[in-house]
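I opened a new page for this model and kept short notes on what I looked up.

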Amino acid sequence: MTSILQCPVCREPLLATATGYQCAARHSFDAARQGYVNLVLAQNKHSKEPGDDPDMIQSRRRFLDLGCYNRVSDGINEAIGSMLSGLAHGSDCSVLDAGCGEGFYLARLKEALARGSAAHRRMEYHGVDVSKFAVRQATQRDRSMAWFVASINDLPFLDGSLDIVLSVFSPANILEFARILKQSGSLIFVSPGPRHLNGLREIIYPVTREHGAPAITEKAEALFAPATVSRITYPLELKDNQTIMDLLAMTPYYWNIDRETKGKVAALDRLQLDVDVEIRVFKKKSGDGTVYAC
Ligand SMILES: C[S@@+](CC[C@H](N)C(=O)[O-])C[C@H]1O[C@@H](n2cnc3c(N)ncnc32)[C@H](O)[C@@H]1O
Ligand SMILES: [Zn+2]
């Protein structure tokens, strides 16, 4: 495949070098020892260490590696697998996980597709997160994939260069996703369903409201056509305090709750909750309003 990366300084293609990437204007970006490349420009950093911090990343990795969200990951893999089976036989396919965290979903996607619908297809996997701690961990999952520190608000990919953008529980930038996707490209957007984490939320809030439809459904309208929505729901029992605290650290509640409420969660040794996740597939509309099927 030719390079699909874009220089964050001049927007020209970035080509691989012996030590990282460079554009024709000689803006160069070296790979870190761990194998990822940092493409965030110093002047675009809004805080010293943007994104999730090392403790949050460790919590996420411990929790996900227990398999508690394997069924969510399987649902994502199925949605992408059936999409791929509709692509022309043998055509290449490039995937970006935007806000990839510590790489759990992208690594499992690659494994699943290698066994299934992508076995005879050349796949290219990219993961991007603004947290360098997250990306460092992600490289440990699979060094053969391309991992970048970058923001979803300034994605280092050329216009119309990707087949699939995956966004799992992460901030989304619909204009950027539409810019980097090919005309036939798909956005897979994964977000909490109405009852997600009920059980934990009932401890945190006196009144628990159902999660509404994600804002993306409206924001995407002009540029994407909704294709499918699937819902993964199952009960989950957490059997020790570490896992309960790890889950809490993966949620926005961790930052929003007061010390007393955090204390209530910290006193738990068991927790029964609902996992409820929605997987939405959107197809990028073509310039003239036609939706390409694949
Ligand atoms: C809730 S976590 C989800 C991570 C991963 N997708 C998962 O589900 O395990 C949200 C992620 O978005 C990242 N993030 C936050 N703002 C971002 C931005 N502007 N650009 C890229 N990533 C961002 C955080 O660092 C964090 O890893
Ligand atoms: Zn450049």
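Entry 1, helix α8. I asked which elements the buried residues of α8 pack against. In this predicted model, they pack against α1 (54-65), β10 (224-238), α9 (253-256), α10 (259-266) and β11 (271-284). I then listed the buried residues themselves. Helix α8 covers residues 241-249, and its buried residues are Thr-243, Ile-244, Asp-246, Leu-247, Leu-248 and Ala-249.

Entry 2, helices α1 and α4. Since α1 had come up as a packing partner of α8, I looked at α1 again, now with helix α4 (residues 132-141). The two helices pack at an angle of about 35 degrees, and their axes are 8 Å apart. I noted the crossing of α1 and α4 as right-handed. From α1, the residues Pro-54, Ile-57 and Arg-61 take part; from α4, they meet Phe-133, Ala-134 and Gln-137. Sorted by class, this contact has 4 nonpolar, 1 polar and 1 charged residues.

Entry 3, the nonpolar core. I looked up how many residues the largest nonpolar core has. The count is 83 residues, and Ile-76, Phe-148, Val-165, Leu-166 and Ile-188 have the most contacts inside this core. Strand β11 gives the largest share of the core, 7 residues. I had already met β11 as one of the elements that the buried residues of α8 pack against. As background, I wrote down that nonpolar side chains tend to be buried together in soluble globular proteins.

Entry 4, Leu-166. I picked Leu-166 from the core and set aside its neighbours within four places in sequence. Leu-166 is then in contact with Ile-76, Val-95, Leu-96, Asp-97, Ala-98, Tyr-105 and Ile-188. Ile-76 and Ile-188 are also among the residues with the most contacts inside the core.

Entry 5, ligand 1. I checked which of the 19 residues around ligand 1 come nearest. They are Gly-51, Gly-99, Gly-101, Val-130 and Ser-131. The shell around ligand 1 divides into 9 nonpolar, 7 polar and 3 charged residues.

Entry 6, positive phi values. Two arginines went into my notes here. Arg-11 is not a glycine, yet its phi is positive, near 70 degrees. I found Arg-11 in the segment before β1 (15-16). Is Arg-11 buried or exposed? Arg-11 is exposed, because 12 other C-beta atoms lie within 10 Å. Arg-26 also has a positive phi, of about 70 degrees, without being a glycine. Its place is the loop between β2 (20-22) and β3 (28-30). Arg-26 has 8 C-beta neighbours inside 10 Å, so Arg-26 counts as exposed.

Key
Residues are numbered from 1 along each chain as its sequence is written. Chains are lettered from A and ligands numbered from 1 in the order in which they are written. This is a predicted model: local features need pLDDT of at least 70, side-chain atom pairs count only at pLDDT 80 or more; totals for chains, interfaces and linings use all residues. A residue is near a molecule or strand if its C-beta atom, placed from the backbone, lies within 6 Å of it. Ala, Val, Leu, Ile, Met, Phe, Trp, Tyr, Cys and Pro count as nonpolar, Asp, Glu, Lys and Arg as charged, and the others, Gly among them, as polar. A residue is buried if 20 or more other C-beta atoms lie within 10 Å of its own, exposed if 12 or fewer, and partly exposed in between; C-beta atoms are placed from the backbone. Helices (H or I, at least four residues) and strands (E, at least two) are DSSP runs, numbered from the N terminus. Two residues are in contact if their C-beta atoms, placed from the backbone, lie within 7 Å. Axes are lines fitted to C-alpha atoms, for helices over the stretch in contact, and angles run from 0 to 180 degrees between N-to-C directions. A crossing is left-handed if the near helix is turned anticlockwise from the far one by less than a right angle, and right-handed if clockwise. A nonpolar core is a set of buried Ala, Val, Leu, Ile, Met, Phe, Trp, Tyr and Cys residues joined through C-beta atoms within 7 Å.
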